[in-house]
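The exercises below each set a task and then work through a solution step by step. Please have the sequence and the coordinates open while reading.

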Amino acid sequence: MYRGGIEVICGCMFSGKTEELLRRIRRAELARLPVQLFKHAIDTRYTDGHVESHSSMRLPAIGAMTVSEIREKLNPQAWIIGIDEAQFYEPGIVDLVVDLANRGRRIIIAGLDTDFRGKPFGPMPQLMAVADDVTKIQAVCMVCGSPATCTQRTTTSQDLVVVGATDSYEARCRQCFRPGV
Ligand code: ADP
Ligand code: MG
Ligand code: ZN
């Protein structure tokens, strides 16, 4: 009998969160477990219907803008549920994943732990708190080559989210990071 749980994969942009999420989902598929993969639909321009990593790994995914949209689209038969870009969801995502885990589901969540200001991003701190397992991964600093934990915005926009603009961000270590610049 499968016991449910919550796994969080977090880190800055380009740290490999989506790759790691897709790796775990693929393994579940190999085990012939019923899988469902969601991604926040904030940006559907390039990867409509897919989760895609910066290294072009991809798997089909269901777009959902809100937590209630995830609830509506959830397949009750799915035992493994992946969610990418979880930082964009409302606080209600926490109750949803706890409820699903309590009902035996394995939830694998990937999301940015901090935003371009270096502040905790959306529901990620709460998701990390309720998780059974947290994996925090690092990118490579684009200035000095050290392990990177920060997401540097390279445009002047002050909006929290600059949609679809991976060329507007780069990974930086703490020393090279200039919050909000
Ligand atoms: P995330 O979902 O965390 O933004 P992805 O899983 O989409 O990251 O992409 C990770 C991949 O991005 C790496 O395997 C590598 O090919 C590529 N990449 C590009 N820039 C960097 C960087 N600065 N540090 C690490 N990987 C990078
Ligand atoms: Mg990603
Ligand atoms: Zn650096």
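**Exercise 1. The end of a helix**

Which residue follows H1, and is its phi positive or negative?

Solution. The model is a predicted one, and the steps here should be read with that in mind. H1 is followed by Arg 32, and the phi of this residue is positive, near 60°. Arg 32 is not a glycine, and the general background is that most residues other than glycine have a negative phi. To place the residue, note that Arg 32 belongs to the loop between H1 and strand S2 (35-40). Its relative accessibility is 75%, and since exposed means over 50%, Arg 32 counts as exposed.

A second residue can be treated in the manner of Arg 32: find the phi of Ser 56 and the loop that holds it. Ser 56, again a residue other than glycine, has a positive phi near 70°, and it sits in the loop between strand S3 (50-52) and strand S4 (58-60).

**Exercise 2. The length and burial of H1**

Check whether the end-to-end distance of helix H1 agrees with its number of residues, and then list which of its residues are buried.

Solution. Helix H1 covers residues 17-30, which is 14 residues. The expected span takes 1.5 Å times one less than the number of residues, so that H1 should span 20 Å, and the C-alpha atoms at its ends are indeed 20 Å apart, in agreement with the expectation.

For burial, the cut-off is a relative accessible area under 20%. The buried residues of H1 are Lys 17, Thr 18, Glu 20, Leu 21, Leu 22, Arg 24, Ile 25 and Ala 28. As background for reading such a list, an α-helix has 3.6 residues a turn, so residues three or four places apart point the same way. Glu 20, found in helix H1, has a relative accessible area of 17% and is therefore buried. The side chain of Glu 20 also makes a polar contact, at 3.0 Å, with the side chain of Arg 23.

**Exercise 3. The zinc site**

Identify the residues that coordinate the zinc ion (ligand 3), and decide which geometry the donor atoms form.

Solution. The zinc ion (ligand 3) is coordinated by the SG atoms of Cys 141, Cys 144, Cys 173 and Cys 176, at distances of 2.3 to 2.4 Å. Along the sequence these donor residues are spaced C-x2-C-x28-C-x2-C. The angles subtended by the four donor atoms run from 100 to 117°, and four donors count as tetrahedral if all angles lie between 85 and 135 degrees, so the arrangement around the zinc ion (ligand 3) is tetrahedral. For reference, the ideal angle for four tetrahedral donors is 109.5 degrees.

The burial of two of the donors can be checked in the same exercise. Cys 173, at 6% relative accessibility, counts as buried, and Cys 176, at 15%, counts as buried as well.

**Exercise 4. The surroundings of ligand 1**

Determine how many residues surround ligand 1, which elements supply them, and how much of the ligand's area the protein buries.

Solution. Ligand 1 is surrounded by 15 residues, the closest being Lys 17, Thr 18, Glu 19, His 54 and Val 140. H1 and strand S9 (139-140) each supply at least two residues of this shell, and H1 gives the most, with three residues.

The next step is to look at individual atom pairs. An N or O atom in the side chain of Glu 19 is 2.6 Å from an oxygen atom of ligand 1, while a backbone N or O atom of His 54 lies 2.7 Å from an oxygen atom of the ligand. For Val 140, a backbone N or O atom is 2.9 Å from a nitrogen atom of ligand 1. Taken alone, ligand 1 exposes 580 Å², of which the protein buries 76%.

**Exercise 5. A strand residue and its partner**

Locate Arg 172, state whether it is buried or exposed, and name the side chain that it contacts.

Solution. Arg 172 is part of strand S12 (residues 169-172). With a relative accessibility of 14%, Arg 172 counts as buried. Its side chain makes a polar contact with the side chain of Glu 170, at 2.7 Å.

Definitions and conventions:
Residues are numbered from 1 along each chain as its sequence is written. Chains are lettered from A and ligands numbered from 1 in the order in which they are written. This is a predicted model: local features need pLDDT of at least 70, side-chain atom pairs count only at pLDDT 80 or more; totals for chains, interfaces and linings use all residues. Side-chain values use heavy atoms; hydrogens and water are left out. Helices (H or I, at least four residues) and strands (E, at least two) are DSSP runs, numbered from the N terminus. Buried means under 20% relative accessible area, exposed over 50%, partly exposed in between (1.4 Å probe, protein chains only). Donors are N, O and S atoms within 2.8 Å of the metal (3.2 Å for Na, K and Ca); water is not among the atoms, so sites may look incomplete. Four donors count as tetrahedral if all angles lie between 85 and 135 degrees; four count as square planar and six as octahedral if opposite donors are over 155 degrees apart and all others between 65 and 115; anything else is irregular. A residue is near a molecule or strand if one of its heavy atoms lies within 4 Å of it. A polar contact is a pair of N or O atoms within 3.5 Å; within protein, one must be able to donate a hydrogen and the other to accept it, and residues adjacent in sequence count only if both atoms are side-chain atoms. Accessible areas come from the Shrake-Rupley method with a 1.4 Å probe; for residues, only the protein chains shown count as cover.
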